Amino acid sequence: MVIWMTSRNKLTAADIRSMKGKPEKIASLTAYDFPMAKLLDQAGIPLILVGDSLGMVVLGYPDTTHVTMAEMEHHVRAVARAQPTALLVADLPYRSYETVEDAVKNAQRLAAAGAEAVKAEGGREILPQVEAIIAHGIPFMAHLGMLPQHVLEEGGYKIKGKVEAEHQRLIDDAKALAQAGTFAVVLELVSSPVAAEITSIIPIPTIGIGSGKQCDGQILVTPDLLGMLPWFSLKHVKPRLNAAEQMRKVVADWKSAVSTPPKV
Ligand code: KIV
């Protein structure tokens, strides 16, 4: 039996941080609008990310590098109107955190739109930006491994950590980000043994996507989980619903009912 959550206390970044090593894994999902945020919250999801996957799954861009701050703010506002008890995290989009000043200014813009924490992609190369955001009172979630904002330079979505230099870099980056005060780190497409090793070493939760089962939590792009985008096929997600097919069918049935002339 599914019990829809009716009340729970508001969750903070510190609450998510305190789930490190607990038996309950951190089941996180993305939302880009009011109804999806409401539904995820009612289902008890503790962390909702307004990801810049927005670009591909909602706005029709080929990758996340086209997403602007104005687009992120628009969707963060919509999600924030759902007043989720889940922690609401928002992505800093491509090139919005190249300098410390930009990182702080844009994190503040997302916070003003309703984000309770921000996420950006990268390791020690963005440490000054991470430290400045945290120093301005905005909780920060890190993102290591495959970095979608760098997909063009990297030539695709590939597993990270298989070669020794990458493995060591991931560990050193994760340690440095934890030391800087980030409350969690997303590990995207990190080889499972390396994700498990990072999880065992650092004191903050790891939230995996395509990085094996040993992370402290998992995150998915919600339309992938619901089978809304059959034109993307991903190895790490098995859709739990074929929403695209069901929607097409309902719409076609409705069209046929409406467009068929009534019998006289
Ligand atoms: O943009 C996004 O949705 C993300 C998740 C895949 C972690 O960064």
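Which element gives the largest share of the lining of the largest pocket? In this predicted model, that element is strand 1, with five residues. The largest pocket is also where the ligand sits, so to speak the centre of this briefing.

**The pocket**
- The largest pocket holds about 1300 Å³ of space.
- Its lining is made up of 49 residues, and those closest to the pocket centre are I209, I219, L220, H236 and V237.
- Strands that give two or more residues to this lining are strand 1 (26–30), strand 4 (117–121), strand 6 (184–188) and strand 8 (217–220).
- Helices also take part at that level, namely helix 3 (54–57) and helix 10 (222–225).
- Sorted by class, the lining of the largest pocket has 24 nonpolar, 13 polar and 12 charged residues.

**The shell around the ligand**
- Along the sequence, the residues around the ligand begin with T30, L49, G51, D52, S53 and D91.
- The list around the ligand goes on with K119, H143, V186, I209, I219 and V221.
- This shell divides into five nonpolar, four polar and three charged residues.
- I209 and I219 are worth finding in the viewer, as both belong to the ligand's surroundings and both are among the residues closest to the centre of the largest pocket.

**Polar contacts and cover**
- S53 places a polar side-chain atom 2.5 Å from an oxygen atom of the ligand.
- For K119, a polar side-chain atom lies 2.8 Å from a ligand oxygen atom.
- D52, the sequence neighbour of S53 in the shell, has a polar side-chain atom 3.1 Å from an oxygen atom of the ligand.
- On its own the ligand has 260 Å² of accessible area, and the protein covers 96% of it.

Notes. Residues numbered from 1 in each chain as written. Predicted model: local features only at pLDDT ≥ 70, side-chain atom pairs only at ≥ 80, totals over all residues. Heavy atoms only, no water. Near = heavy atom within 4 Å. Polar contact = N/O pair within 3.5 Å; in protein donor to acceptor, adjacent residues only side chain to side chain. Areas by Shrake-Rupley, 256 points an atom, 1.4 Å probe, with all protein chains shown as cover. 1 Å grid on protein atoms, 1.4 Å probe; cavity = no way out; pocket = protein on both sides within 12 Å on 5 of 7 lines; lining within 4 Å. Sits in = over half its atoms within 2 Å of the grid points. Nonpolar A, V, L, I, M, F, W, Y, C, P; charged D, E, K, R; others polar. Points joined across faces, edges and corners; volume = space filled by probe spheres on them. Helix = DSSP H or I, 4+ residues; strand = E, 2+ residues; numbered from the N terminus.
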